[in-house]
Amino acid sequence: FSFSLKTYFLSIEYLDNICSKIISFNPKTLFQISLICLILAAKFNEQTMKAQHFQSLVKHNISKNYLADEIYILQLLDYKLNIITPYDILKDILNCGFVFEGENYDCEKMNYIYSKLETILFIFSERNSYISMTTKQIAISFIGFARELMNLIPYNNMIKKIFLIDPQNELSYISGLKTIKKKIKIEDKINNQNETISNKIPLYCQENKKIGEN
């Protein structure tokens, strides 16, 4: 349905919040709830016609009492639909930048890594580790991950100052960074000098799904 990543990550937050309030449910119920979460996220983020089209196509697969079920899900969410996701925080940071004057890095490599971070976050969201980390922990850990790829200190004094990282919560981001590095592997493949940067550093997740190959 070509929904945005913003909608995808918002639907995950809805589902995660709901699952934390329900003691038990069967796979069929989980599937139904997940569809409602996606519908709600689409209504919140996507164009009205696009969201309504999706709802009309799938609501009959959910239940005969879709409207009542949707209201029930909204109640479980306390009607709070504007939830900040790791994707939102990461996008804000990407717009502002996380490398600074005086730091030595390859500009071409930086641009390539910038362009792939959203895709890496999307793949990481499929790992169990995603739901065990906090929203800010995921986003800041990804910033440290990207900086390490550029041979920079993941959390220098400027990063700590901007993102309010103190000694107490720094350990959380270091732990998050270690988790991401276990799940995402980077390989340098340079076959000849005429290759583009995207061919030089293809990205893989742990299951060898290739991310950045042309």
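Start by selecting Phe-9: at 0% relative accessibility, this residue counts as buried. Keep in mind as you click around that you're looking at a predicted model.

**Phe-9 and its ring partners**

With Phe-9 still highlighted, add Tyr-87. Tyr-87 is buried too, with a relative accessible area of 10%. Next, turn on the side chains. A search of the whole structure finds 12 aromatic pairs. Phe-9 and Tyr-87 make one of them: the ring centres sit 5.5 Å apart with the planes at 5°, so this pair is stacked. It links distant parts of the chain, since Phe-9 belongs to helix α1 and Tyr-87 to helix α5, 78 residues apart.

Now bring in Tyr-130. How are the rings of Phe-9 and Tyr-130 arranged, stacked or tilted? Their centres are 6.2 Å apart and their planes are at 40°, so the pair is tilted. Here the jump along the chain is 121 residues, from Phe-9 in helix α1 to Tyr-130 in the loop between α6 and α7. Tyr-130 is buried, at a relative accessible area of 2%.

To see the wider group, select Tyr-8, Phe-9, Tyr-87, Phe-122, Phe-124, Tyr-130, Phe-142 and Phe-145 together and colour them: these residues form one aromatic cluster.

**Along helix α1**

Show residues 5-19 as a ribbon, and you have helix α1. The helix has 15 residues and reaches 21 Å from its first C-alpha to its last, close to the 21 Å expected at 1.5 Å a residue. Which residues of α1 are buried? Pick out Thr-7, Phe-9, Leu-10, Ser-11, Ile-12, Glu-13, Tyr-14 and Ile-18. To see what covers them, switch on the neighbours, which include α2 (27-45), α4 (66-76), α5, α6 and α7 (135-149).

Stay on α1 and click Lys-6, which is placed in this helix. Is Lys-6 buried or partly exposed? At 35% relative accessibility, Lys-6 counts as partly exposed. Leaving aside residues up to four places away in sequence, Lys-6 touches Asn-45, Tyr-87 and Asp-88. Try a distance label to Asp-88: Lys-6 and Asp-88 are 82 residues apart in sequence, yet their C-alpha atoms are 7.1 Å apart in space.

**Where α1 meets α5**

Those last clicks lead to the next stop, so show α1 and α5 together. Their axes come within 8 Å and cross at roughly 140°. The two helices are therefore oblique to each other. From α1, select Leu-5, Lys-6, Phe-9 and Glu-13; from α5, select Pro-86, Tyr-87 and Asp-88, and you have the residues that make the contact. Colour the contact by class and it divides into 4 nonpolar, no polar and 3 charged residues.

**Where α5 meets α6**

Keep α5 (residues 86-96) on screen, hide α1 and bring up helix α6 (residues 107-124). The axes of α5 and α6 come within 11 Å and cross at roughly 175°. That makes α5 and α6 roughly antiparallel to each other, because an angle over 145 degrees counts as such. On the α5 side, select Pro-86, Tyr-87, Leu-90, Lys-91 and Leu-94; they meet Tyr-114, Leu-117, Glu-118 and Leu-121 in α6. By class, this contact has 7 nonpolar, no polar and 2 charged residues.

**A side trip to α9**

Jump down the chain to helix α9 (residues 167-183) and find Ile-174. At 29% relative accessibility, Ile-174 counts as partly exposed. Draw a line from its C-alpha to that of Ile-140: the two atoms are separated by 9.4 Å, while the residues are 34 apart along the chain.

**Zoom out**

Finish with the full chain in cartoon view. How many helices and strands are there in the chain? There are 10 helices and 2 strands. Follow the ribbon along the sequence and the pattern reads α-α-α-α-α-α-α-α-α-β-α-β. If you colour by accessibility, 44% of the 214 residues count as buried. As for contacts with a separation of 6 or more, 66% of those in the chain are between residues 24 or more positions apart. The Phe-9 and Tyr-87 pair, 78 residues apart, is a good one to go back to with that in mind.

Conventions
Residues numbered from 1 in each chain as written. Predicted model: local features only at pLDDT ≥ 70, side-chain atom pairs only at ≥ 80, totals over all residues. Heavy atoms only, no water. Axes fitted to C-alpha atoms, helices over the stretch in contact; angles between N-to-C directions. Helix = DSSP H or I, 4+ residues; strand = E, 2+ residues; numbered from the N terminus. Parallel < 35°, antiparallel > 145°, perpendicular 65-115°, else oblique. Contact = heavy atoms within 4.5 Å. Nonpolar A, V, L, I, M, F, W, Y, C, P; charged D, E, K, R; others polar. Buried < 20%, exposed > 50% of the residue type's maximum accessible area, 1.4 Å probe, protein only. Expected span 1.5 Å × (residues − 1). Phe/Tyr/Trp six-rings, centres within 6.5 Å; stacked < 30°, edge-to-face > 60°.
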